[in-house]
Amino acid sequence: MKLELRKVKVKDIVLGDQMKFADGVLTVDVNGLIAALKDDVNVKEIKIDLAKPGDKTRIIPVKDVIEPRVKVEGKGNGFPGVTTPIEQLGSGAVNVLDGAAVVTIGDIVGFQEGVVDMWGEGAKWTPFSKTMNIVVDIIPANGLDPHTHETTVRLAGLKAAELIGYAAKDAVADEVEVFEMGSIFEETEKYPDLPKVVYVEMLISQGLLHDGYIYGVNSQQILPTMIHPNEEIDGAVISGNCVAACDKITTYQHQNNSAILDLYNRHGKDINFLGVILTPELTTLAGKFRTCDYTAKLCKSLGADGVIVSEEGYGNPDSDLLMICKRLESEGIKTVLITDECSGWDGMSQPLADTTPEAVAVVSAGNVSHVVELPPADKVIGNAKAIATLAGGWEGCLSEDGSMKCELNAVIGATSEIGYHNLTVKLY
Amino acid sequence: MSYKILYYVNQFFGQVGGEEQAGIAPFYKEEKIGPAMGFEQLLKGEAQVVGTIVCGDNYFNENTEESLKFIYDTIAAVKPDMVVAGPAFNAGRYGMACAGVANAVIDKLGIPVVTGMYHENPGVDQCKAKAIIAEVTDSAAGMRTALPVMAKIALKLLKKEELGTPKEEGYIAQGKRLTVFADKRGSERAVEMLIARFKGEEFETELPMPVFDKVAPAAAIKDLSKAKIALVTSGGIVPIGNPDRIQSASAQKWGKYNVSDISELTGGYYTIHGGYDPVYANEVPDRVAPLDMLKKFEKEGLIGEVYEYFYTTTGTGTSVGNAIQFGKEIGKELKEAGVDGVILTST
Amino acid sequence: MVKEIERYGIPIVHMSTITTISESVGANRIVPTIAIPYPVGNPSLSKDVETDMREKLVKRALTALSTEVTEVSYF
């Protein structure tokens, strides 16, 4: 499979009356976008706003972040199986509006939504303070049940990214990244002496606001499955806006999965990257045993010498993470885990809900309970009061002057367990 | 300006005598005694040792209150910016005394304390969370290497400079897991860690596995039909409206609600737990905390009674430290109420 | 929480789905339950069947409380 990401650098974004991209400036057709999104009967109203790096702007409550792109060669524009007809992804060429992102907000569906600050202290804690954000505020039709509400906002965000992506259709790339990998036999023949590595990406699969989707299939309904890394980069995996804001894998982070990119980077040099296994984190014990056994078996069948496992969420999935590790290590497969921790406000608590002696190589992406103080914003897109109800906020954490205190829990992407951000934990 | 340091040593390092003098009561001298002398030389004039308290190890451990009172009085008179104790090396009673001094001075007066101990000294676990303990060798032969480490740490603390990691500074980890920015993103660190493992190079986990302690099982209920059973949940089930504003994740508190007049939670309760799909628990909260069944069993005489209060909090993202605190508080109430057994449900 | 309550000498049974975690954190009496969002229930069952199942599950918890154990035990 060969996929080209043709990146056009977005230097500025403006609101206007047509979708276009010229001289580094992305123009968003506001009315056209609103009309298209309101085509869904479950959408009552749409508002569009912009937030740029350095603006004293707070966005809350954020549900998902999506990168606007358009497929220019090969099949599968948009998100096949979700917003567009099903197609095999992973090949061809994609024009990427690099540096731009669609950020969805709107009435709270669940507690797992978050905050993005575009400036100062808050900007340090989220990777999405560095993107030019097109904020889509989705007001759903009255009386939707929670599951329909979630689906509605999820689809609206994906559709918005697809529509904005068209602006880059004829743009000339500033930079082209090529992702090419043959079958595992071909690659192993090319690099017979390099250790074979599999990436296991765990996806939270636990119901409302807790599911990932693969080509539109709810990850709750799958056995662990293998996909080509190109497929995920090409949009095969989307977020169901799971778990706490800090460690949900947003759709943007699937499209730019840092674990995949960093493994690709070493492919053919230090390692032979075999592919990605997507593993659901289920809510029953039998389900957890089944998926953990199955994941370890797939890794072994592929002949992996080493595996990187990334978690999504915390608490019960800690158990899945460690069970997978235990099974792999006991097969002699060297395993590195990426997780985050709940060490309490003071950092003095046990970091994980579970434990196993086999987990000897673990990357920590930060303490979700770490408290940050965010100064007042000049402009709030959305509803600042939402913080009191979000995971990581509490009653009274928003002061009258607009400053607020919250745990990293509430900050989008802060402790990304695919290792997208640069936080860690040190023992003092 | 020059900072003032009060030094604490035992009878041996206070040059009073050995084991036979371990029972002497504390005294204070406006001098630098024993290690205090070498210590001050390392402060390069930026701070000075104003005096030394000498106390017998046995005396301290057997008359802690009197000893501490003497220390408080001395501090009130001398007004030091910091107290330095030891190093105690692997001397157990000396270590316990240094730890006792450290905890008391920090808790009661808020004055920082620096000490030094061998990592196996029983005093370490007593005070490492509060004091900064330089990691030193197991015998006094290591004095020459111990004092510079302690002095460097002391100066940094006095000047309110940020202390580096335990490894960088040479102190025993306090057990605080602090979130900091790394040079590289997490995925890159993971790939490098894996490659290091392949090459057989050294690597360091960023998260050593936690160790959970065990509690012996409590004795069983002899006669269920006379037993008072309490229901507790970490599933975030609260009265509709969440009157106590319990957090949906990372709970800072728990709630208790009188359920003596209701036969089920359905109707008046819902979940505020942020870690699972709430739809099914909101329909029937007894699916998370089965009060209805317990009430039924109470009516049928299978159990004596259901305790009048139902206890609840949110488990998701709640630190173990808070969970321990909640358990202690709730357990105390249940014990005092004469509860015979507890059903705790988790989501 | 389980452990801290048990420290007072009160027998406690942990009804939890992810029993691997219960065991790691040191619960002594464990009743495995159905699923995280509905430990003591199952919305996919008919009401009568669900009620029967729920009753049996809670009875198991009572059995656990009235049974002497010396180590981690499942009921």
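Here are four short exercises with worked solutions on the structure above.

This is a predicted model, in which local features need pLDDT of at least 70 and side-chain atom pairs count only at pLDDT 80 or more, while totals for chains, interfaces and linings use all residues. Residues are numbered from 1 along each chain as its sequence is written, chains are lettered from A and ligands numbered from 1 in the order in which they are written, and side-chain values use heavy atoms, with hydrogens and water left out.

**Exercise 1. Confidence in chain B**

Find which element of chain B has the lowest mean pLDDT and which has the highest.

Step 1. Start with the term: pLDDT is the predictor's confidence in each residue, from 0 to 100.

Step 2. Take the chain as a whole: chain B averages 94, and 100% of its residues score at least 70.

Step 3. Now go element by element, where helices (H or I, at least four residues) and strands (E, at least two) are DSSP runs numbered from the N terminus. Helix 9 (residues 279-283) of chain B comes lowest with a mean of 91, and helix 8 (residues 186-198) of chain B comes highest with 98.

**Exercise 2. The overall form of chain B**

Work out why chain B is described as more spread out than a compact globule.

Step 1. Count the elements: chain B has 11 helices and 13 strands.

Step 2. Compare radii of gyration, taken over C-alpha atoms, with the globule rule of 2.2 Å times the number of residues to the power 0.38. Chain B has a radius of 27 Å, well over the 20 Å that the rule gives for 347 residues, so chain B is more spread out than a compact globule.

Step 3. Look at the box and the domains. The C-alpha atoms of chain B fill roughly 75 × 55 × 40 Å along the principal axes. Domain bounds come from an automatic or database domain assignment, which gives domain 1 (3-169) and domain 2 (224-345) for chain B. The C-alpha centres of these two domains lie 47 Å apart.

**Exercise 3. The second largest pocket**

Identify which elements each supply at least two residues of the lining of the second largest pocket.

Step 1. Fix the term: on a 1 Å grid over the protein atoms alone, a pocket is an open set of points with protein on both sides within 12 Å along at least five of seven lines, and lining residues have an atom within 4 Å of a point.

Step 2. Note the space, about 680 Å³. Of the 22 lining residues, the closest to the centre are V425(A), K426(A), E204(B), T205(B) and E206(B).

Step 3. Assign the elements: strand 26 (423-427) of chain A, with helix 7 (166-169) and helix 8 of chain B.

**Exercise 4. Two positive phi angles**

Decide whether K160(B) is buried or exposed, and do the same for N242(B).

Step 1. Place the residues. K160(B), with a positive phi of about 55 degrees although not a glycine, lies in the loop between helix 6 (143-158) and helix 7 of chain B. N242(B), with a positive phi of about 45 degrees and likewise not a glycine, is in the loop between strand 9 (237-239) and strand 10 (255-258) of chain B.

Step 2. Apply the cut-offs: buried means under 20% relative accessible area, exposed over 50%, and partly exposed in between (1.4 Å probe, protein chains only).

Step 3. K160(B) is exposed at 74%, whereas N242(B) is buried at 6%.

How values were computed:
On a 1 Å grid over the protein atoms alone, a cavity is a set of points where a 1.4 Å probe fits but cannot get out, and a pocket is an open set with protein on both sides within 12 Å along at least five of seven lines; lining residues have an atom within 4 Å of a point. Grid points are joined across faces, edges and corners, and a volume is the space filled by probe spheres set on the points.
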